[in-house]
Amino acid sequence: MACTLEKFIHSLDPRSLPRVLQIQSGIYFQGSIYEMFGNECCLPTGEVIKVIGFKINKLIASICENNEEGRCSSKTELSLNFPGLYKIVVDKIPYLSIEEITRKVSIGSTRLGHPCFCCQEDIKLASLTIKQGEQIMFNSVEEVNGTMTVNCGVVRNNQSHSFTLPISQQGKFYECEDDQIYTLKEIAEWKIPKTRNRTVKLFSILHSWDSSNPFPENFDGSLILAPVYEVQAVMKFRKDIVHILSDLDIEVKDVTDFYDINCFLQPLSLEDVFEKTGKEFPMVAEIIEGPVQSNLLYNLFYPGKEIIIHKKYQASRVLASEIRSDSPKRHFLIPASYKGKFKRRPRELPTAYDLEIARSGKEQLHVVATKAFDSPHEELFSVSVGDQFIVQQCQTSEVVYEGRKKVVDVLACEQILNNAYEEVLLPMYMEGGFVEVIHDKRQYQLLEICKEFRLPFNVKVSVRDLSIGEDILAAVPGLQLEEEITDSYLLISTVSNPTDSWEIPVYRLNMSIHLLSKPVKETASSPTRTIVEEISEEQYYMVRRYENQSLHPPPRPPKKPAALGPKCLLAEPSQSASDTSLKNLCADNTKKLSSNQAAAVSELQVTCQNDLEHRENAENMTEAATLEKTSVIKEKPE
């Protein structure tokens, strides 16, 4: 039976791909025009295509005022790269079986592919009973002894219990509340069920949006997202992949059972290749669609080029961001093989709690205060702008407030006073502002930094990597090395030069290939070439999300005493430098200094930086002068 392409795609189970379709009612755009904006727009009646995949191309957002889904004032089109963050509004319509969930909801290997549901009645299993309303996480779908089942889990008393449910399990399953925030791309890929729309709440708009805001002024409502799909298909007599929007006005008929599906081209994405077993490597392939990025590596791989895919593996990278106060920042993934050298740069530490996190046992942490703090207790120290401290350790101390003694967490420091030191105690809840003073002039390799210091760590390139043509890190005035991550890569080379192998990312490079039946001769390869990869803000956000999904967040800073009077009311302490909260990525949730505070901070930072540069460049200073300069730090008066 024929139906519109839109209806067919909305009801299509991705697990049933590929499918062969015949055009029953075709469409022509101005007769001879065959393609427009990269999408097929001329499909004659009788044409046969093989659908190999589909993904959401864009979203039509119905704007709901005052969070009332029934009152939608207007619609706007949102591209998937719109840099907003959203919270999902729970779907109140139940699913009536596990089979319906697996057919309509995306379930995959990443955390985004682990949806949670609860059932309105108890589910009795052999090993345990799932209670009514208990949250069930769906982890994966697999076939066991000829029966399709879902691997699930529940958490009880901080312990995870695993079990399986057959897809024939009946019941009313409701979506659970989700307190995470997502990009539009993440929602499109994982959070919009088939045949349903998705209601979301706008959380924030990221810095990088330069175009006009598509939402009404002071918009604080919900959006109902309706997907428009892009269908990837191949034709019998073409080697490239054609792209068809699902809202194209054509009718199709599924004729898969009447066609030899192998007579079509078999394109694969890099993700498809990575899913193959290790025994299938190496393999020869021809590129159908090349990457859109423009650099030396990606320019080697263009449509029609034959390549050898040697193996798949996991490789480490260091995630780094440009240090700058304005936005947007540049973000990089640096390979462990990077041969450049770094010098340290001062860190900005906003709270006393961050000083405790940043200190290490290998060296003293020397900081300068950039913000004043008036202590509410006589026993604790009041900080002035310009005060210098050597951070010691965290401890507890008794303070008196309204005639009562209280024990509070404090940070023991030594204040530097000319050639003397004074022991002082800073309350851990204080929100001040500090900048690190660097005395280390040594140059470090990347692996040395990761081994000897705790990330995040501020550096700048002092010696660029001469083994690569253009070191993009060398032009960046300052970098924060944030964390080490592990990612998936393929090792590839061209057929014409099989010994010159490159490492390419699987999940950030859009490239389609098809395998060739050609033998592969194993040759001794030269050292693998890697590149410093510059990633977008969205990719940076997603990399941090996936890397930290299994890590526990750092402890929150202690709060200020609740009984303190107006004199010492402070903002809630900001998160530490090691905190990877998603709110740090949002403009609306970052704190801004007043103009006077910002000027003071800037002046102090410039002063400290100039002093540091002076020490680094003053190679002609005498040893005696050098010792005199550093005596304040290293020697205590007896």
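Of the 638 residues in this chain, 46% count as buried. The model is predicted. Colour it by secondary structure: 10 helices and 36 strands appear. Now show the surface. The chain exposes about 33,300 Å², and carbon and sulfur atoms supply 49% of that area. Contacts reach far along the sequence. Take those between residues at least 6 apart: 70% of them join residues at least 24 apart.

**Stop 1: a six-stranded sheet**

Select S8, S9, S12, S13, S14 and S15. Together these 6 strands make an open sheet. Read across it and the order is S8-S15-S9-S12-S13-S14, with antiparallel pairing. The edges are strand S8 (95-97) and strand S14 (159-166). Each has a single partner strand, so one side of each lacks a neighbour in the sheet. Look at the twist too: neighbouring strands here are turned by 45° against each other on average, direction ignored.

Move inside the sheet, to residues 116-119 and 136-144. These are strands S9 and S12, antiparallel and joined by 2 bridges. Pick Cys116 to find one bridge position; its partner in S12 is Met137.

**Stop 2: the S33-S34 hairpin**

Select residues 479-494 and 497-505. Strand S33 and strand S34 pair in the antiparallel sense, over 5 bridges. They form a hairpin, with 2 residues between the strands. Click Leu491, then look across to S34: Glu503 stands opposite.

Stay on S33 and select Asp487. Which residue does Asp487 form a salt bridge with? The partner is Arg508, and the closest N and O atoms are 2.4 Å apart. Arg508 sits in the loop between S34 and strand S35 (512-516), 21 residues from Asp487 in sequence. Are Asp487 and Arg508 buried or exposed? Both are buried.

**Stop 3: salt bridges across the chain**

The structure holds 23 salt bridges. Side chains of opposite charge can pair when their charged atoms come close.

Start with Asp254 and Arg19. Their closest N and O atoms lie 3.0 Å apart. This pair links distant parts of the chain, 235 residues apart: Asp254 belongs to strand S20 (residues 251-254) and Arg19 to strand S2 (residues 19-25). Asp254 has a relative accessible area of 28%, so this residue is partly exposed.

Next, select Arg330 and Glu534. Their side chains meet in a salt bridge, 2.9 Å from N to O. Arg330 lies in the loop between strand S23 (306-322) and strand S24 (331-335). Glu534 is in strand S36 (residues 533-535), 204 residues away in sequence. Arg330 is partly exposed at 29% relative accessible area. Glu534 is also partly exposed, at 40% relative accessibility.

Then show five side chains at once: Arg344, Arg347, Glu363, Glu436 and Asp440. Salt bridges link them in a network.

**Stop 4: Val407**

Finish on strand S29 (residues 404-417) and select Val407. Is Val407 buried or exposed? Its relative accessibility is 61%, and exposed means over 50%, so Val407 counts as exposed. Set aside residues up to four places away in sequence, and Val407 touches Thr396, Ser397 and Glu398. Draw a distance from Val407 to Thr396: the C-alpha atoms are 6.4 Å apart, with 11 residues of sequence separation.

Key: Residues numbered from 1 in each chain as written. Predicted model: local features only at pLDDT ≥ 70, side-chain atom pairs only at ≥ 80, totals over all residues. Heavy atoms only, no water. Pairing = 2+ DSSP bridges. Helix = DSSP H or I, 4+ residues; strand = E, 2+ residues; numbered from the N terminus. Axes fitted to C-alpha atoms, helices over the stretch in contact; angles between N-to-C directions. Buried < 20%, exposed > 50% of the residue type's maximum accessible area, 1.4 Å probe, protein only. Contact = heavy atoms within 4.5 Å. Areas by Shrake-Rupley, 256 points an atom, 1.4 Å probe, with all protein chains shown as cover. Salt bridge = Lys/Arg side-chain N within 4 Å of Asp/Glu carboxyl O.
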